[in-house]
Protein chains: 4
Amino acid sequence: MQRAERREQILAAALKAFSRTGYHGTHVADVIAEAGVARGTFYLHFQSKHDVFAALVDRTLEILLSVRPEAEEPVVRRRADAEQILRDSYTTVLGTIHKHRQLMRLLFDEALGIDKGFRKQLEQHFTVWHQRITATIAFFQERGVAREDLDVEVTGQLALGMVERLARRYLFGVRSPDLPRLVEALVAFELRGIAGR
Amino acid sequence: MQRAERREQILAAALKAFSRTGYHGTHVADVIAEAGVARGTFYLHFQSKHDVFAALVDRTLEILLSVRPEAEEPVVRRRADAEQILRDSYTTVLGTIHKHRQLMRLLFDEALGIDKGFRKQLEQHFTVWHQRITATIAFFQERGVAREDLDVEVTGQLALGMVERLARRYLFGVRSPDLPRLVEALVAFELRGIAGR
Amino acid sequence: MQRAERREQILAAALKAFSRTGYHGTHVADVIAEAGVARGTFYLHFQSKHDVFAALVDRTLEILLSVRPEAEEPVVRRRADAEQILRDSYTTVLGTIHKHRQLMRLLFDEALGIDKGFRKQLEQHFTVWHQRITATIAFFQERGVAREDLDVEVTGQLALGMVERLARRYLFGVRSPDLPRLVEALVAFELRGIAGR
Amino acid sequence: MQRAERREQILAAALKAFSRTGYHGTHVADVIAEAGVARGTFYLHFQSKHDVFAALVDRTLEILLSVRPEAEEPVVRRRADAEQILRDSYTTVLGTIHKHRQLMRLLFDEALGIDKGFRKQLEQHFTVWHQRITATIAFFQERGVAREDLDVEVTGQLALGMVERLARRYLFGVRSPDLPRLVEALVAFELRGIAGR
DNA sequence: TATGAATGAGTCTTCATTCAT
DNA sequence: CATGAATGAAGACTCATTCAT
């Protein structure tokens, strides 16, 4: 078996195990049992238990950050109206979160309690998303869709919070959420929320 | 020293210790050192390390649930306009969260990673809050402040998410947040978000 | 309450507790709960947990050693025939053991596992009993009831063992044993066992 | 080192340690020091301190129960006379007990004080032996060696008690007991004890 | 690379005993 | 004498990590 393959195998087993019993409730013994691999093999591919978890976190963050539907074709975006932009964005984001819900749950429920490092990483990640969102809002302001006196900074956080909560409430652990409904409520609420008048 | 007093003392020390190094990073030795009590004394008041943490979580949830400004004078509420109701509510809630930010942080950052029981407890808590919020929204619908076609259920979650994120971003670990600014942005956003038109 | 009374009260509670859960399975907390006495009071009357147990053991050994039916009226004994002597002795001994079966059980089942001191005490006690028995056998030899070539020393041990086993099997923990039957079998067996022919 | 070998090594060390200081006086630290293994290694082979002890008890009981000289050649037995049967049996039994005197002492002196479970086990064991003995007595009755009116049940206990006492008094902790003497006294006593007239 | 036996530092928890009131 | 809160030494057990094969 190729080195990368074996690594994947362990990573998958770790995800399963961690999802089942959490980081501290999962022992290396559980991971290797799940993977069907010897103890030594585990340490051949990962430096430590913490290390596997970090790898999963990294992967999760990569997945999240790679979701950039709105950035792909800026020119086209200008033509699209605000509603469509939001709808597309949120559909992609929520869809991605749901698709990788096990990883997401790990990140949101476990990572904080393990390490200050993970907290930092997560905060940075939120910062990046916050920037993207505020950029979008600024763009909406330019287009006259968002009012000028909006507190962009705080509003960006509000948008983040809404998504996070929808994810936690409707996406983790559920097989088939009613994505369109969530997106619709979210878009309607946000568009009005940022609108003038 | 009275029994209850000693218990309080240990609880305070535990809060400090847990806040500093997290649940798993904190040893009973740290707690008793912080409290200045003997090991046996700790176990005279709490069954286990897990038990002290649970006591802190319970306390936190009690504090959160006891925040019910809007419920106190229903008659007056009817006269008040929606904006004032929201402003008052959020001011109280965010203020309370900030006042007890150490406890809150413990609940939000640590509790999930320890025990499925805590996760359940937290979910139940969110359910209660969700109910309160949807009740308020329904009230706003009656009053014509919120549109009829609003997805109340999902919107309730959105409101919850906004508060949670503000708390995490601006209230935990900060001495003096700009509360009015947060409330203003929140109220303005939500009022528009739920409005017709 | 008189000092001696209080001591008795604790002793009785300790016997109950030890009988229930054994020496190591019983904590001072159990004893004082059973006695309805405060922790400090316990140590006012006994130096340690070990000390109470020792007091119970002492009491048990005193009871056992005070059983001396055959010694009371040596002149009369000479007239009685061997069978009656044995029957009387064993009836008294087995009766006493049964009457104090809780104490006896403590001595036989627990004392050995606690302390080399108790083992020594018990061995000395057996030695005393062994001497009494061999004296009786010697007396029987004089009277011609026991054969001359009997290995008195070893036979004394055999008699001891028979009684011990009957006690363990039929007397501990039973409310009403068939004492006459045991005595009859024992006497018949022993008389023949030591007899010539 | 093979798994079974290492287990044996620890078992031997535990026997030594327990024999020296008793169950409660022996710490896992003592056992591993005696065995020259690390703490973790101990728990790799045994679930707990209680578990090693149980393993030793099991082994002891197996050894005791496997002593069945009289069962091997029933046909021959019928021809042999009672005295020889008893002499052989007791020689083997007492010899085996002496050979494994450390294990036996553990069983008889320690096991009772640890656990009700061990008491049960020991009682069952005595029951088995009692059955064997009564069977032999019944056989002797058939052969006319034992009287018909014998209380077989109780007499079986008497025989058990004699052996137990000899074991405790002459076999535990002694290097070279005078086995023939013990057997002779025992056989002579028992044969007469069960005899008619 | 793979294996799994071995390691031992780390922690929680217990419980007999003390002592201030 | 009585109380019961406080003490802290002691000890069982865990589990991430190493390493010889």
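Which residues come nearest to DNA strand F? In this predicted model, 34 residues lie around DNA strand F, and those that come nearest are Ser48(A), Ala38(B), Gly40(B), Arg3(C) and Gly40(C). Elements from chains A, B, C and D each supply at least two residues of the surface near this strand. From chain A these are helix H2 (28-35) and helix H3 (39-45), and from chain D likewise helix H2 (28-35) and helix H3 (39-45). Chain B takes part through helix H1 (3-25) and helix H3 (39-45), and chain C through H1 and helix H3 (39-45). By class, the surface near DNA strand F comprises 14 nonpolar, 10 polar and 10 charged residues.

Contacts between protein chains were examined next for chains C and D. Here, 29 residues of chain C are in contact with 29 residues of chain D. On the side of chain C that touches chain D, two or more residues are given by each of helix H1 (3-25), helix H8 (101-114), helix H10 (152-171) and helix H11 (179-194) of chain C. The largest share of that side, 11 residues, is contributed by H10(C). The side of chain C that touches chain D contains 13 nonpolar, 7 polar and 9 charged residues.

Chains A and B were compared by superposition. A turn of 180° with a shift of 0.0 Å along the axis lays chain A on chain B with an RMSD of 0.1 Å. This is the relation of a two-fold axis. The same surface serves both copies, with 100% of the contact residues of chain A recurring in chain B.

How values were computed
Residues numbered from 1 in each chain as written. Chains lettered and ligands numbered in written order. Predicted model: local features only at pLDDT ≥ 70, side-chain atom pairs only at ≥ 80, totals over all residues. Contact = placed C-beta atoms within 7 Å. Helix = DSSP H or I, 4+ residues; strand = E, 2+ residues; numbered from the N terminus. Nonpolar A, V, L, I, M, F, W, Y, C, P; charged D, E, K, R; others polar. Near = placed C-beta within 6 Å. Least-squares fit on C-alpha atoms with pLDDT ≥ 70 in both.
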